[in-house]
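Here is a short report on how the side chains of this protein pack and pair. Please look over the sequence and the model first.

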Amino acid sequence: MTDSLQQWRKRIGYPEHYDFTHEKRLIDTFDYPEFTAELYSQNNGPRSTQRLLMLVPKELKQAAPAVAVPFYFPEAMIGEELGTRTPLPFYAGIEMMKHLVLRGYITASADSYHLTYLNSSRDRDDFQRWGEAAAALLQDHPHWTGIGKLVSDTELMIDALAEDSRVDASRIGIAGHSLGGKMAFYTGCLDSRIKAVLASDFGIGWDQTNWNAPWYWGSKVAEFKSSGLDHASLLSGAGCKPFALLAGKYDGNDSLDILRKAGYGEGSAQLLFCNHASGHRPPFSALEQGYHFLDSVLKSGKN
């Protein structure tokens, strides 16, 4: 494993004429019994913004550890609509953002670029938005990639956490399921501010899921496969930082082979591999294992 993170950044590419002021503005706050929800509008491009949601535990006595939770849109990660508190049954059981704030973490999530890059009348759950947003992105920025845009927007979430005086910036993790797992995996490896990664069933191998979709890597996957490049290189380039993988459907025991190739040895304290083998959605018992792993890294030696 000799690939560096700089090589991976080069593969991801770069946007041209993409300068913008990095700032966020508070839109609204919502009071819950155990935490406060703060909704911001955060610049994420020269002409675009993303809604950024932060959950803050009540009565913090000191700077707290934090976890970014990327996904399609932040309401999914709390399991209900903001304001109306209308439940979102489709996302029941994977509300990682809410689970983690109840464990004492400050958490953050934001809209993905299928909702922010183009103005669209389509419903937020209309999957066609992904193809349309990716096509527009690649037309505007042919030297970039969809995965690069996902990482860029997720790193803005990390900025918001790291700059918040309520956050202990030395104890930031990232967690995600499915699409969110892909975003957590890449951003967690590439951003040194992230100390631990929890990713659920995102399909770490090129053939395990749709990495060749234009909103991820597109045709570059074929090049990577032909050259023998895989995600073991990215993990080793990141120094095999603490990583938890919850396998279920798209990840399986073959995913562990990639982790071993990256350099995670048998019994390594840096790795949690949990194959619940019960489908794409993890049971709460598997999520809890992942949360305990984050605790062991982000709360170690802390009260």
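A nonpolar core is a set of buried Ala, Val, Leu, Ile, Met, Phe, Trp, Tyr and Cys residues joined through side-chain atoms within 4.5 Å. Buried means under 20% relative accessible area, exposed means over 50%, and partly exposed lies in between (1.4 Å probe, protein chains only). The model is predicted, so local features need pLDDT of at least 70 and side-chain atom pairs count only at pLDDT 80 or more, while totals for chains, interfaces and linings use all residues. Residues are numbered from 1 along each chain as its sequence is written, and side-chain values use heavy atoms, with hydrogens and water left out.

**Cores**

The largest nonpolar core has 67 residues. Tyr186, Trp217 and Phe243 touch the most other members. Helix H4 (residues 146–162) gives the most to this core, with 8 residues. Helices (H or I, at least four residues) and strands (E, at least two) are DSSP runs, numbered from the N terminus. A second, separate core holds 37 residues, including Met77, Ile94, Cys274 and Phe293. In soluble globular proteins, nonpolar side chains tend to be buried together.

Of the 17 residues of H4, 15 are buried, so the helix is largely enclosed by the rest of the structure. Its end C-alpha atoms are 24 Å apart, which agrees with the expected 24 Å. That expected span is 1.5 Å times one less than the number of residues.

Which residues does Trp217 contact, leaving aside its neighbours within four places in sequence? Contact means heavy atoms within 4.5 Å. The partners of Trp217 are Trp8, Arg11, Ile12, Thr145, Ile147, Tyr186, Trp206, Trp211 and Phe224.

Ile204 lies in the loop between E7 and H6. Ile204 is buried, at 0% relative accessibility. Outside its neighbours within four places in sequence, its contacts include Phe185, Trp211, His231 and Leu259. Ile204 and Leu256 are 52 residues apart in sequence, with C-alpha atoms 9.4 Å apart.

**Aromatic rings**

The whole structure has 26 aromatic pairs. Rings of Phe, Tyr and Trp (its six-membered ring) pair if their centres lie within 6.5 Å; planes under 30 degrees apart count as stacked, over 60 as edge-to-face and the rest as tilted. Phe127 and Trp215 are edge-to-face, at 5.4 Å centre to centre and 80° between the planes. This pair links distant parts of the chain, 88 residues apart. Phe127 is partly exposed at 46%, whereas Trp215 is buried at 12%. Trp206 and Phe224 form a tilted pair, with centres 5.4 Å apart and planes at 35°. Both Trp206 and Phe224 are buried.

Two arginines also meet rings. The charged end of Arg124 sits over Phe73, 3.9 Å from the ring centre. Arg281 lies over the face of Phe90, at 4.8 Å from the ring centre. A charge sits over a ring if NZ of Lys or CZ of Arg is within 6 Å of the ring centre and within 35 degrees of the ring normal.

**Salt bridges**

The structure holds 20 salt bridges. Each is a side-chain nitrogen of Lys or Arg within 4 Å of a carboxyl oxygen of Asp or Glu. Three of them follow.

| Pair | N to O distance |
|---|---|
| Arg122 and Asp126 | 3.3 Å |
| Arg122 and Glu132 | 2.8 Å |
| Asp191 and Arg193 | 2.8 Å |

Asp191 is buried at 5%, while Arg193 is partly exposed at 27%. Glu38, Asp164 and Arg166 form one network through salt bridges that share partners.
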